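Please take a moment with the sequence and the model below before reading on. The paragraphs that follow begin at the ligand and then turn to the cysteines, the charged pairs and one glutamine.

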Amino acid sequence: MATSFFSSAPYIPPDAIFALTAEYLADPSPVKVNLGQGTYRDNNGQPWVLPSVQKARKILEEKGLLHEYLPILGLKGLRDRTSELVFGEGYGSVKDKLATSQAVSGTGSLHLAGSLLRGKLPKVYIPTPTWSNHNLVFASLGFEVIEFQYYNAETKALDIDTYLSTLRSAEPSSIIILHACAHNPTGLDPSQEQWKQIGNIIKEKSLFPLFDAAYLGFNSGDYDNDAWAIRYFVHDLGLESAICLSFAKNMGLYGERVGVLVVATSEPNVAKNTQSVLEKLQRSEISNPPAFGAKIAETVLSDEELKKAWFGDLKTMSGRIMEMRKGLFEGLNAHSSGTWTHLIEQSGMFGFLGLSRRVVKTLKEEYHIYMAENSRISIAGLNMSNVEYVAKSIGEVLAREK
Ligand code: LMR
């Protein structure tokens, strides 16, 4: 008899991005730079609690925070205000056709959407590269995961031809994972014209669009702008869709795990039934979602003044990231002979540099600059004090490679 019930458990290496954060934290070097995990930092390299969030927290504290359970589907106010934000002026026309549930941030929303679709739509098409959790969530739910090339490493651009031909040959009733904006890791989003092509093929082929919408408002600083593709799919094309929202990045509520799953269905009765299924799934998975962060987000979104302040905070964060992207671009042009136009053609939190694994390793080991192995950098880790050092270091390592 085996000595343990777990003797067949394999050893699974730690998650790469969390392991990188741990390595960075353990590094005693005073010059270290963390460009790994996607978390916003201010110009002093510090976490930033959004002023709108601070005010909401104060309001909640004054009210007296209770620690009661939330309903199984979470806060209705948060679900409604979030849907209103996502659909903008067209909200009224889809309102009755939505099934919504609060979820445990972006990953929990994806998982809940996957649980809803499991057994009905067997295949998931995932762009490559993508956020590593897409594969993990859908494979662990038993979906057949099909990867397709999203990025052309030679041109350092979106491979729209492969994208469109993959959609054309995809099996009907398959799920397509779409990054609503700020594609992670490449920072390359389709143009509005390309989104139209993508959406129309999805419609023609009866595919199911599942939006990972973790960066709305954080990408461009304008929520409406960042929600454009979702609105086009639902309002203009009339597509049923799942939208997985997170308030980690755009409200800085990383650890509170605030998310919402919005499922746009074809008719009110379908929405009602779908919502009842979500409620049952949620009950079996987590019983009911976490309250504190959800109350903060609901407070921000329900108070016109706070909401306005939050829109300002989104501009502050995205504006600083854009400035740093430009600063790095200029620094790289000054300190290396390479071409870096791809960096300013990308947008959002991440820059996809296109460096070899060896260069990435040298930057970590010799210069204490930490980035994902595929040379994705979280631009928010740059600031006025380290951007020159990073650009110069990359230039030095690349010169050595020649
Ligand atoms: C990232 O991509 O770095 C973040 O979304 C953090 C994570 O959970 O991977």
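## From the ligand outward

A polar side-chain atom of Lys 249 lies 3.0 Å from an oxygen atom of the ligand, in what is, it should be said at once, a predicted model. Two further residues approach the ligand in a comparable manner: Asn 184 places a polar side-chain atom 3.1 Å from a ligand oxygen, and Arg 376 places one 2.8 Å from a ligand oxygen. On its own the ligand has 260 Å² of accessible area, and the protein covers 84% of it. The surrounding residues are Ile 17, Phe 18, Gln 37, Gly 38, Trp 131, Asn 184, Lys 249, Phe 350 and Arg 376, and by class this shell comprises 4 nonpolar, 3 polar and 2 charged residues.

From the ligand we turn to the cysteines. A disulfide is a covalent bond between the sulfur atoms of two cysteines. How many disulfides does the structure hold? The count is 0, and the positions of the sulfur atoms explain why Cys 181 is unpaired, because the closest cysteine sulfur, in Cys 244, is 14 Å away, too far for a bond. Seen from the other side, Cys 244 likewise takes part in no disulfide, with the sulfur of Cys 181 as its nearest cysteine sulfur at 14 Å. As for their surroundings, Cys 181 counts as buried at 6% relative accessibility, and Cys 244 counts as buried at 1%.

The charged side chains come next. Side chains of opposite charge can pair when their charged atoms come close. Across the whole structure, a search finds 12 salt bridges, and three of them are followed here. In one of these, Glu 171 pairs with Lys 123, and the closest N and O atoms are 2.6 Å apart. Because Glu 171 sits in the loop between α7 (160-169) and β7 (175-179) while Lys 123 belongs to strand β3 (residues 123-128), this salt bridge ties together parts that are 48 residues apart in sequence. The two partners can also be described by their accessibility: Glu 171 is partly exposed, with a relative accessible area of 41%, whereas Lys 123 is buried, with a value of 16%, buried being defined as under 20%.

Another salt bridge joins Arg 357 to Glu 373, again with the closest N and O atoms 2.6 Å apart. Here Arg 357 lies in helix α16 (residues 357-367) and Glu 373 in the loop between β12 (369-370) and β13 (376-378), so the pair ties together parts that are 16 residues apart in sequence. Both Arg 357 and Glu 373 are exposed.

Helix α16 also contains both members of a further pair, Lys 361 and Glu 365, whose closest N and O atoms are 3.6 Å apart in a salt bridge. Where do these two residues stand along the helix? They are 4 residues apart in α16, which means that about one helical turn separates them. Lys 361 counts as partly exposed at 48% relative accessibility, and Glu 365 is partly exposed as well, at 49%.

Finally, consider Gln 102, which has its place in strand β2 (residues 98-104). Is this residue buried or exposed? Gln 102 is buried, with a relative accessible area of 0%, and a polar atom of its side chain lies 2.8 Å from the backbone nitrogen of Leu 75.

Terms used: Residues are numbered from 1 along each chain as its sequence is written. This is a predicted model: local features need pLDDT of at least 70, side-chain atom pairs count only at pLDDT 80 or more; totals for chains, interfaces and linings use all residues. Side-chain values use heavy atoms; hydrogens and water are left out. A residue is near a molecule or strand if one of its heavy atoms lies within 4 Å of it. A polar contact is a pair of N or O atoms within 3.5 Å; within protein, one must be able to donate a hydrogen and the other to accept it, and residues adjacent in sequence count only if both atoms are side-chain atoms. Accessible areas come from the Shrake-Rupley method with a 1.4 Å probe; for residues, only the protein chains shown count as cover. Ala, Val, Leu, Ile, Met, Phe, Trp, Tyr, Cys and Pro count as nonpolar, Asp, Glu, Lys and Arg as charged, and the others, Gly among them, as polar. A disulfide is a pair of cysteine sulfur atoms within 2.5 Å. Buried means under 20% relative accessible area, exposed over 50%, partly exposed in between (1.4 Å probe, protein chains only). A salt bridge is a side-chain nitrogen of Lys or Arg within 4 Å of a carboxyl oxygen of Asp or Glu.
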